[in-house]
Amino acid sequence: ATVFMHDAHMASAAASEGAAVASRFGSSEMAGRNAAVRLLAELGATAASAPTVIRQGSDVIATVSIRVPRIAPFFPAVVTRTAREVREKYVTEEERNR
C-alpha cells in the first residue's frame with residue numbers, strides 16, 4: 001500500500017507541475033508536458049504513457065500515468081492523476097481600472 005501511495009503522490013506532483021507550468025502567461029502545452037516529464041525523471045518514476053497537457057477554455061488540464069510495481073494482485077499496475085490550473089491572463093493597467 002505504501003508503494004502505491006508513493007507512486008500516486010509522484011503522479012499528482014508531476015501533473016500539478018505540468019499544469020502549473022502550462023498555465024503561466026506565454027507558456028504552452030509542450031512546456032507543461034516537458035515539466036511533467038522532467039519531474040517524473042527526477043523522482044525516478046516510470047511513465048506508463050506520455051503525460052498530456054491540454055488547454056480547455058480558461059483552464060489547463062494535465063494528466064500523468066505511471067507504472068506501479070505489482071506488489072499484490074488487487075493493486076492496479078498503473079496510477080493516473082490529473083491536475084487543473086486556471087490560465088494566467090495578462091491584464092493591462094487600463095483594463096484593471098475599468
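Begin by selecting strand 2 and strand 3, which pair in the antiparallel sense over nine bridges. The model on display is predicted. Two of these pairings can be picked out by residue. Select Val-60 and then its bridge partner in strand 3, Glu-85. Next, select Asp-59, whose bridge partner in strand 3 is Val-86.

**The sheet**

Now add strand 1 to the selection. Strand 1 and strand 2 also pair in the antiparallel sense, here over five bridges. Within this pairing, Ile-54 stands opposite Ile-61 of strand 2. Follow the chain from strand 1 to strand 2: the two form a hairpin with two residues between them. Gly-57, in the turn, has a positive phi of about 65°.

With the three strands shown together, an open sheet appears, in the order 1-2-3 and with antiparallel pairing. Strand 1 and strand 3 (78–86) are its edge strands, each pairing on one side only. From one strand to the next, the twist averages 15°. Strand 2 (59–67) is mostly covered, with seven of its nine residues buried.

**The helices on the sheet**

Select helix 1 (2–23) next. Helix 1 packs on the sheet and touches strand 1, strand 2 and strand 3. The direction of helix 1 makes about 30° with that of strand 3.

Then select helix 2, which likewise packs on the sheet, touching strand 1 and strand 2. The direction of helix 2 makes about 150° with that of strand 1.

**A closer view of helix 2**

Helix 2 covers residues 29–43, 15 residues in total. From its first C-alpha to its last it reaches 21 Å, close to the 21 Å expected at 1.5 Å a residue. Which residues of helix 2 are buried? Colour Gly-32, Ala-35, Ala-36, Leu-39 and Leu-40 to show them. When helix 2 is seen down its axis, these buried residues fall within an arc of 135°, so they line one face of the helix. An α-helix has 3.6 residues a turn, so residues three or four places apart point the same way.

The buried residues of helix 2 pack against helix 1, strand 1 (52–56) and strand 2. Rotate the view to the face turned away from the buried side, where the exposed residues Ala-41 and Glu-42 are found. Just after helix 2 comes Gly-44, with a positive phi near 80°.

**The nonpolar core**

Return to Leu-40 and display its surroundings. Not counting residues up to four places away in sequence, Leu-40 touches Met-10, Ala-14, Ala-45, Ala-47, Pro-51, Val-64 and Ile-66. Leu-40 also belongs to the largest nonpolar core, which has 22 residues. The residues with the most contacts inside this core are Leu-40, Val-64, Ile-66 and Val-79. Helix 1, helix 2, strand 2 and strand 3 each supply at least two residues of the core. Helix 1 gives the most, with eight residues.

**The loop between the helices**

Finally, select Ser-27, in the loop between helix 1 and helix 2. Is Ser-27 buried or exposed? Ser-27 counts as buried because its relative accessibility is 18%, and buried means under 20%. Not counting residues up to four places away in sequence, Ser-27 touches Val-21, Ala-22 and Arg-55. To end the tour, select Ala-48 together with Ser-27: the two are 21 residues apart in sequence and 25 Å apart in space, C-alpha to C-alpha.

Technical notes. Residues numbered from 1 in each chain as written. Predicted model: local features only at pLDDT ≥ 70, side-chain atom pairs only at ≥ 80, totals over all residues. Heavy atoms only, no water. Helix = DSSP H or I, 4+ residues; strand = E, 2+ residues; numbered from the N terminus. Expected span 1.5 Å × (residues − 1). Buried < 20%, exposed > 50% of the residue type's maximum accessible area, 1.4 Å probe, protein only. Arc of directions from axis to C-beta. Contact = heavy atoms within 4.5 Å. Pairing = 2+ DSSP bridges. Axes fitted to C-alpha atoms, helices over the stretch in contact; angles between N-to-C directions. Core = buried A, V, L, I, M, F, W, Y, C linked by side-chain atoms within 4.5 Å.
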